[in-house]
Amino acid sequence: MWYSNLENKALWKAFDEISRIPRASKHEEAIRKYLIAWASEHGLECKTDKIGNIVIKAPASKGLEKRPAIAIQAHVDMVCVKTADSDHDFSKDPISIICDGKTITADRTTLGGDDGIGVAIALSILADKEAKHGPIEGIFTVDEETGMTGAINIDPSIVDAKYLINLDSETEGEIAVGCAGGMEVSGKCRVKYDEAEGYPLKVRVSGLLGGHSGSEIHLERGNAIKIVARYLNRLPSFQIASFTGGTLHNVIPFSAEAVITVPDKDVALSIAENLRKELENEFRESDPGLKFEVSDTEMPLQALKRKKSQKIADALLSLPHGVRSRIPSMMDTVETSVNFATARLDDKQFSVVFSIRSMIDSKKMAFAEEIETILETYGFTSKASGASPAWEKSDDTEFAKQFIKLYKKISGKTPQLKVLHGILECGILASRIPGLSAISIGPDVKDVHSVNETLSVASSERIAACVREMLPLIK
Ligand SMILES: [Zn+2]
C-alpha cells in the first residue's frame with residue numbers, strides 16, 4: 001500500500017478509496033453511491049438533495065450535544081486532465097497514485113487532490129470515534145469545477161451547521177474569510193456584410209500569458225482584444241472581415257485575430273510598427289512574450305461596411321477590462337474587476353462577453369449597468385446573467401480567530417487572513433444558508449488542474465489535525 005509508511009492511516013485510506021472511484025465533474029454518480037453506502041456502513045445519517053449534494057451527519061460526543069453544529073465541506077468532483085501518452089480512462093479507471101513519502105502525485109493524470117483531500121479529511125473525522133465534537137456534518141458538493149451548480153442549488157434544509165470549514169483552499173498558511181461574487185454581461189449587434197475593398201491584412205496578437213480572471217486579473221497582463229481594438233482605432237479607414245478573440249469567460253484573452261481591409265497598406269503597416277514599439281515597452285514586465293503582428297493575407301470575400309467597422313472598433317476600445325477598484329483597507333486585494341473575455345464576428349452578429357467580479361454585490365451591479373450602457377451606446381443589445389453573490393468579509397471573525405490560534409499551536413506559524421477575488425463554494429453556501437459563518441482552508445496542493453498536481457503529505461496531515469482539534473473549541 002502506498003500509504004503504509006504515512007502517519008495518518010485513516011486519512012490516507014479514505015483518500016485511496018475515493019481515488020479509485022471515477023468522479024469527473026457532472027459524472028458523480030459513482031462517488032455519490034459510495035458516500036451513501038459509506039454512511040450506512042458507519043451507521044451515520046445521510047441526506048441528499050435534488051442536485052446531488054450529500055450531507056453525512058455524526059452525532060455529538062457525550063456532553064457536547066448542546067454545541068452548535070459544524071460542517072466540514074469539500075467538493076466530490078475533480079478536473080480530469082491526462083498526458084497525451086496516457087491511456088487512462090476517467091470514466092472507469094482508478095487514479096494511479098505515486099507517493100514518495102513527502103508528496104503525492106498521479107501517474108500522468110490529475111490527482112484529484114483538489115478536492116479529494118478535503119473529502120478524505122471529512123470522512124476520516126466523521127468516522128473517528130475518538131474525536132471530540134458537537135454535532136458535525138460532512139457536506140459533499142457536486143460540480144464545483146464546472147459551474148458550482150451543487151453549491152448554488154443546495155437545499156438549505158439538509159444542512160444544520162452554524163459554522164462551516166471549507167477544505168478547498170490550496171495554500172496551507174492562508175485562511176479565506178471572504179470572496180468575490182460574479183456575473184456575466186454579454187452584448188450583441190447585428191451586422192451585414194458588404195463587398196471587401198482595398199488591401200487585406202491580418203492583425204494578430206499572441207504570446208500573452210492570459211491567466212485566470214479571478215486570481216490573476218491584478219497582474220496587468222495584456223488583453224489581446226483590447227490591443228487589436230487599439231490598433232483599429234488608429235487606422236484612418238478599414239473594414240472588418242473577421243474577428244475572434246478570447247476563449248472562456250474566466251480566462252484573460254491571450255490571443256486575438258482579425259482580418260481587415262485598408263485603403264493604404266503602407267500607412268496601416270507604419271501605424272502597426274509604432275504600436276508594436278509602444279506595446280513592447282508597456283508590457284515588457286507583465287507580458288514579455290507579447291507578439292503583435294500585421295501581415296499580408298488573402299483577400300476576404302466580404303467585409304463589414306467602414307462605418308459599422310469603425311463603430312465596432314470604437315465599442316471595443318471604450319469597453320473596460322481589468323481591475324476597477326481595490327479594498328481600501330487591503331490595497332493589495334482586488335475589490336471589483338472585469339475580464340473582457342471574448343469578442344467574435346460571425347455571419348449575423350458581432351458578440352462580446354464580460355465577466356465581472358466584486359467583493360460588494362452592489363458595486364458589481366453598478367459596473368454591469370455601466371458596461372451595458374456603453375454597449376447600448378454603440379448599438380449593441382446587452383444581457384446580464386449568472387450572478388453569484390459575494391461572500392462579504394464579516395466583522396465577526398471569531399471563528400477564524402479560533403482557527404488562527406489553533407493553527408499557530410499546531411504548526412508554530414501565523415496564518416494569513418485572505419479575501420479572494422476568485423469565487424469559492426463556501427461563499428455561495430454562506431449566502432444560501434442563513435446565519436452560517438465560514439472559513440476556507442486546505443493543505444498545500446501545487447499545479448492543480450494539471451498532470452503535475454502535487455499534494456503535500458505533511459501539510460495534509462497538519463490540516464486534518466487542525467480541523468479535528470478545532471471541532472471541540474466552537475461553543
Ligand atoms: Zn477545488
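In this predicted model, helix 5 (residues 224–232) and helix 7 (residues 306–318) cross at roughly 130°, and their axes come within 8 Å. An angle over 145 degrees would count as roughly antiparallel and one of 65 to 115 as roughly perpendicular, so helix 5 and helix 7 are oblique to each other. Helix 5 passes helix 7 in a left-handed crossing. On the helix 5 side the contact is made by Ile225, Ala229, Arg230 and Leu232, and these meet Ala313, Leu316 and Leu317 of helix 7. Sorted by class, this contact has six nonpolar residues, one charged residue and no polar ones.

Helix 5 is also mostly covered, with eight of its nine residues buried. The buried set runs through Ala224, Ile225, Lys226, Ile227, Val228 and Ala229, and is completed by Tyr231 and Leu232. Among the residues that helix 5 brings to helix 7 are Ile225, Ala229 and Leu232, and each of these three is listed as buried.

Glutamate 220 sits in the loop that joins strand 11 (199–206) to helix 5. Its phi is near 60°, a positive value in a residue other than glycine. A residue is buried at 20 or more C-beta neighbours and exposed at 12 or fewer; glutamate 220 has 13 inside 10 Å and therefore counts as partly exposed.

A second group of helix contacts centres on helix 11 (residues 457–470), which packs with helix 9 (residues 398–411) at an angle of about 130°. The axes of helix 9 and helix 11 are 10 Å apart. Because of this angle, helix 9 and helix 11 are oblique to each other, and their crossing is right-handed. Helix 9 contributes Gln402, Phe403, Leu406, Tyr407, Ile410 and Ser411, while Arg462, Ala465, Cys466, Glu469 and Met470 come from helix 11. Of the residues in this contact, seven are nonpolar, two are polar and two are charged.

Helix 11 also meets helix 3 (residues 113–126), where the axes come within 10 Å and cross at roughly 45°. That angle makes helix 3 oblique to helix 11. The crossing of helix 3 with helix 11 is right-handed. Here Ile117, Ile121, Ser124 and Ile125 of helix 3 face Ser460, Ile463, Ala464, Val467 and Arg468 of helix 11 in the contact. By class, the contact divides into six nonpolar residues, two polar and one charged.

Helix 3 holds a backbone feature of its own. The peptide bond from aspartate 114 to aspartate 115 is cis, with omega near 5°, and aspartate 115 lies in helix 3.

Another backbone feature appears at histidine 449, which is not a glycine but has a positive phi of about 65°. Histidine 449 belongs to the loop between strand 22 (445–446) and strand 23 (454–456). With 14 other C-beta atoms within 10 Å, histidine 449 is partly exposed.

A further loop position worth a look is phenylalanine 90, found between strand 3 (70–75) and strand 4 (97–99). Phenylalanine 90 has 18 other C-beta atoms within 10 Å and is therefore partly exposed, since the buried class begins at 20. Leaving aside residues up to four places away in sequence, phenylalanine 90 touches Pro22, Ala24 and Cys80. Cysteine 80 is 10 residues away from phenylalanine 90 along the chain, and the C-alpha atoms of the two are separated by 6.8 Å.

At the level of the whole chain, there is a division into domain 1 (9–180 + 391–473) and domain 2 (183–388). The C-alpha centres of domain 1 and domain 2 lie 38 Å apart. Between them, nine residues of domain 1 are in contact with 13 residues of domain 2. The side of domain 1 that touches domain 2 has five nonpolar residues, three polar and one charged.

How values were computed:
Residues are numbered from 1 along each chain as its sequence is written. This is a predicted model: local features need pLDDT of at least 70, side-chain atom pairs count only at pLDDT 80 or more; totals for chains, interfaces and linings use all residues. Axes are lines fitted to C-alpha atoms, for helices over the stretch in contact, and angles run from 0 to 180 degrees between N-to-C directions. Helices (H or I, at least four residues) and strands (E, at least two) are DSSP runs, numbered from the N terminus. Angles under 35 degrees count as roughly parallel, over 145 as roughly antiparallel, 65 to 115 as roughly perpendicular and the rest as oblique. A crossing is left-handed if the near helix is turned anticlockwise from the far one by less than a right angle, and right-handed if clockwise. Two residues are in contact if their C-beta atoms, placed from the backbone, lie within 7 Å. Ala, Val, Leu, Ile, Met, Phe, Trp, Tyr, Cys and Pro count as nonpolar, Asp, Glu, Lys and Arg as charged, and the others, Gly among them, as polar. Domain bounds come from an automatic or database domain assignment.
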